[in-house]
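Please look through this structure with a first-year reader in mind, and set out how its strands, helices, charged pairs and chain copies are arranged. A short briefing with points grouped by topic would be welcome.

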2 protein chains.
Amino acid sequence: MRFEVLILGNSSATPMYERHPSSQVLNFNEQLFLIDCGEGTQMQLFRYGIKSNKISHIFISHLHGDHYLGLVGLLSSMNLSGRKSELHLYAPAALKEILDIQFKYSDTILRYDLIFHPTNSEKPEIILQTKMLTVTSFSLRHRVPTTGFRFDEGKRSASLIREKIEKLNVPTVFLSQLKRGVDCIGTDGTRYSASELTLPAPRSRSYAYCSDTRAFASYISAIQHVDLLYHETTFLHEMVDRAEETFHSTALEAAEVALQVGAGKLLMGHYSARYRDLTPLLTEAKSKFSNTHLSEEGKWYLV
Amino acid sequence: MRFEVLILGNSSATPMYERHPSSQVLNFNEQLFLIDCGEGTQMQLFRYGIKSNKISHIFISHLHGDHYLGLVGLLSSMNLSGRKSELHLYAPAALKEILDIQFKYSDTILRYDLIFHPTNSEKPEIILQTKMLTVTSFSLRHRVPTTGFRFDEGKRSASLIREKIEKLNVPTVFLSQLKRGVDCIGTDGTRYSASELTLPAPRSRSYAYCSDTRAFASYISAIQHVDLLYHETTFLHEMVDRAEETFHSTALEAAEVALQVGAGKLLMGHYSARYRDLTPLLTEAKSKFSNTHLSEEGKWYLV
């Protein structure tokens, strides 16, 4: 089952060197979620072959322009291209006001349902729950109300051992029960043992998005043991004063967070425009947490 | 004296095929004016080597997203990069409200003066006048209040005939007077004739921007005899019904406008996403007005 993230933008506030403001697409079992929507997101979606009308949910972390300014354009283009399916938007409450005023003056009436879910930057909340996925928002520590988002896969099924199933000619009506760990008995009295015919269910996977934030705040408890952690690394640690002042994180700090929460892998991003070459940021983070990677625009990362 | 326009975006509402929403930079004697500011304009400015802090005036035609959604990002980036010089913004009054609400929620305080000049979409108005340039806004006919902009160069000076000036060793104190057509007499009684020592002043040049609009409305009188006319050509004429319905123009109609007003040259733009290949639009317009050109992003056009 697919669970991977495409980076559309990994620049901090001033987009430079062909890097774009924050945005990414999470593909969970062919359901598409957009996380943040900086200026130019609709063009990036087009560039990387993502059909925007397949996006079902959008999550906006906070109301700094580099995280949401592409939204009005994207919502309008979805409208122009005839979108009919509903779209869920999770964002700080004030975004509704910002959208409404712009739709009012451009005389835009959306022909699809835009369902607005205000986020709570004060405490963690489960904001979406299906059998297969739970999405939680949690507080980040930035200059304006900001949340991160965590995506937890639901309990996964055991997988059948095909060769054994075929050899014993197990009736297909039993297969889903076996995957759930239930033994079955055939009409002829044959016993089919789930533990013998299946491999244990793979561990459920999780992804967390932390941008923008000062490192080490209340969010630490919310991102324990994530498999893939996208954490902003705006500055090198030599600029930690600037990071504190602007409520951002250094590469070293992000790596320390990854270490502390027991993350599987750290994905860096939200690079300051002062760094054309990102290698020093990577080197710094890897010195603390070796399974660290620079996010690259246009690239998919497995959760 | 430079008078030319750089196309940053020539797409209609849905940006596609690497075409960007409307925006252009007018360079008048090294003073930079930005006309419209669709999503991604700040990235386009960076791509084509334009220093955004050199832009002194911004003109926004109307409040459809593809003409202004890049503005908040651009203004914020100017702020982050330490802009101090004042910036004049000419736009429909409601844009002030749209900017204010976004600056409020992003907790942005501009450290430069943004001077807002509401435009009047009801009648032509001179909105900027210097010795060297007059800018006029005028009504276009679109679904929301919209203005076009006309830039008229002031009276130009005669140019000196260098060889004659040098041969007669004309005192330099006389040069500016001669350029203004005033004869001068030296201390030794020598008479320097302006008509003999100068070439006649070149004709003053003019540029008009018409996007978005239904063709043939009140604006015809405002764009008489412009040297360069940028006129939207959203559709082929076979889609004139759609053009009427959406208050846009066809390539044929734009060419008829250019012919009727006695324009020197027609520059096409605001292409619908339905046209990947733009040749049919050009062919159609040229059938009526031969000095027609497709605007290309990243290209400068002399006025």
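Strand S7 of chain A is joined by four bridges to strand S8 of chain A, which covers residues 133-139, and the two strands run antiparallel. In this predicted model, one of the pairings can be followed at the level of residues, since Ile126(A) has Thr136(A) in S8(A) as its bridge partner. The points below turn to the sheet, to the salt bridges and to the two copies.

**The sheet and the helices on it**

- The strands of chain A include seven that form an open sheet with mixed pairing, and their order across the sheet is S7-S8-S9-S14-S15-S16-S17.
- Strand S7 (125-129) and strand S17 (292-294) of chain A each have a single partner strand, so these two stand at the edges and one side of each is left without a neighbour in the sheet.
- Going from one strand to the next, the twist averages 20°.
- Helix H9 of chain A, made of residues 251-261, packs on the sheet, where it touches strand S15 (228-232) and strand S16 (265-269) of chain A, and the direction of H9 makes about 150° with that of S15(A).
- Helix H10 of chain A, made of residues 279-286, also packs on the sheet, touching S16 and S17 of chain A, and the direction of H10 makes about 170° with that of S17(A).

**Salt bridges in chain A**

- Over all chains, the count of salt bridges comes to 28.
- One of them is formed by the side chains of Asp227(A) and Arg203(A), with a distance of 2.4 Å from N to O.
- This pair links distant parts of the chain, 24 residues apart, because Asp227(A) lies in the loop between strand S14 (206-210) and S15 of chain A, while Arg203(A) lies in the loop between strand S13 (198-199) and S14 of chain A.
- The two partners differ in their surroundings: Asp227(A) is buried, with a relative accessible area of 14%, whereas Arg203(A) counts as exposed at 57% relative accessibility.
- Another salt bridge brings together the side chains of Arg214(A) and Glu253(A), at 2.7 Å from N to O.
- Arg214(A) belongs to the loop between S14 and S15 of chain A and Glu253(A) belongs to helix H9 of chain A, so their pair ties together parts that lie 39 residues apart in sequence.
- Arg214(A) and Glu253(A) are both buried.

**A salt bridge in chain B, and a network in chain A**

- In chain B, the side chains of Arg205(B) and Glu153(B) meet in a salt bridge at 2.7 Å from N to O.
- Arg205(B) sits in the loop between strand S13 (198-199) and strand S14 (206-210) of chain B, and Glu153(B) sits in strand S9 (residues 147-153) of chain B, 52 residues apart.
- Arg205(B) counts as buried at 15% relative accessibility, and Glu153(B) counts as buried at 6%.
- In chain A, salt bridges that share partners join Arg2(A), Glu4(A) and Glu30(A) into one network.

**How the two copies are related**

- A turn of 179°, with a shift of 0.1 Å along the axis, lays chain B on chain A with an RMSD of 0.2 Å.
- The two copies are therefore related as by a two-fold rotation axis.
- Among the residues of chain B, Gly40(B) comes closest to the rotation axis, with its C-alpha at 2.8 Å.
- The same surface serves both copies, since 100% of the contact residues of chain B recur in chain A.

Definitions and conventions:
Residues numbered from 1 in each chain as written. Chains lettered and ligands numbered in written order. Predicted model: local features only at pLDDT ≥ 70, side-chain atom pairs only at ≥ 80, totals over all residues. Heavy atoms only, no water. Pairing = 2+ DSSP bridges. Axes fitted to C-alpha atoms, helices over the stretch in contact; angles between N-to-C directions. Contact = heavy atoms within 4.5 Å. Salt bridge = Lys/Arg side-chain N within 4 Å of Asp/Glu carboxyl O. Buried < 20%, exposed > 50% of the residue type's maximum accessible area, 1.4 Å probe, protein only. Least-squares fit on C-alpha atoms with pLDDT ≥ 70 in both.
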